[in-house]
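Trainee: I am new to this structure and would like a close look at a single part of it. Please take one residue and go through its surroundings step by step.

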Amino acid sequence: MFCHKYINNPIKYNYLRIKNNTNQTILLDTRRETDTTYITDENRNEFEAFLYEKAEQDLVFEPQESKTIQIKFNDSYHSDINIMSMNFMDIVDYEEYTQNENVETYTLKIDI
């Protein structure tokens, strides 16, 4: 579904280059729940993303669109964690979601 490039910044923001390889407009996370986008460390600890800081349009990707987004994770007090994966657990077809919030969700796990 997506191509990716992960860049870590010492300010604790993570920049992610995402390309929507589908023919649908995708919403990366509906933000209905706070624990659906997160990173996982080598000990399987999960650190949630602060997606409430993002506008919904920042998380919308048109068909074949590629853009870089900045995401902050709840790992501020863990400077030496070894990130193993980035997980998106609430991806939806944006057009369907705007018509009915009870749509099928998709997941994406990016091993780092």
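Mentor: What follows is a look at R32, with a few other loop residues and the largest pocket after it. Keep in mind that the model is predicted.

R32 sits in the loop between β3 (26-27) and β4 (37-41). Its relative accessible area is 36%, and because partly exposed covers the range between 20% and 50%, R32 counts as partly exposed. Leaving out residues up to four places away in sequence, R32 touches D90, V92, Y97, E101 and T105. Two of these contacts can be described further. The side chain of R32 makes a polar contact with the side chain of D90, at 2.9 Å. R32 and D90 are 58 residues apart along the chain, yet 8.7 Å separates their C-alpha atoms. The side chain of R32 also reaches E101, where the partner is the backbone oxygen, at 2.5 Å.

Two other loop residues are worth a look for their backbone. R44, in the loop between β4 and β5 (46-48), has a positive phi of about 65° although it is not a glycine. R44 is exposed, with a relative accessible area of 72%. Q64, in the loop between β6 (60-61) and β7 (66-72), also is not a glycine and has a positive phi of about 65°. Q64 is partly exposed, at 37% relative accessibility.

Last comes the largest pocket, which holds about 160 Å³ of space. Among the residues lining this pocket are R31, E33, F50 and N74. By class, the lining has 4 nonpolar, 4 polar and 4 charged residues.

Definitions and conventions:
Residues numbered from 1 in each chain as written. Predicted model: local features only at pLDDT ≥ 70, side-chain atom pairs only at ≥ 80, totals over all residues. Heavy atoms only, no water. 1 Å grid on protein atoms, 1.4 Å probe; cavity = no way out; pocket = protein on both sides within 12 Å on 5 of 7 lines; lining within 4 Å. Points joined across faces, edges and corners; volume = space filled by probe spheres on them. Nonpolar A, V, L, I, M, F, W, Y, C, P; charged D, E, K, R; others polar. Helix = DSSP H or I, 4+ residues; strand = E, 2+ residues; numbered from the N terminus. Buried < 20%, exposed > 50% of the residue type's maximum accessible area, 1.4 Å probe, protein only. Contact = heavy atoms within 4.5 Å. Polar contact = N/O pair within 3.5 Å; in protein donor to acceptor, adjacent residues only side chain to side chain.
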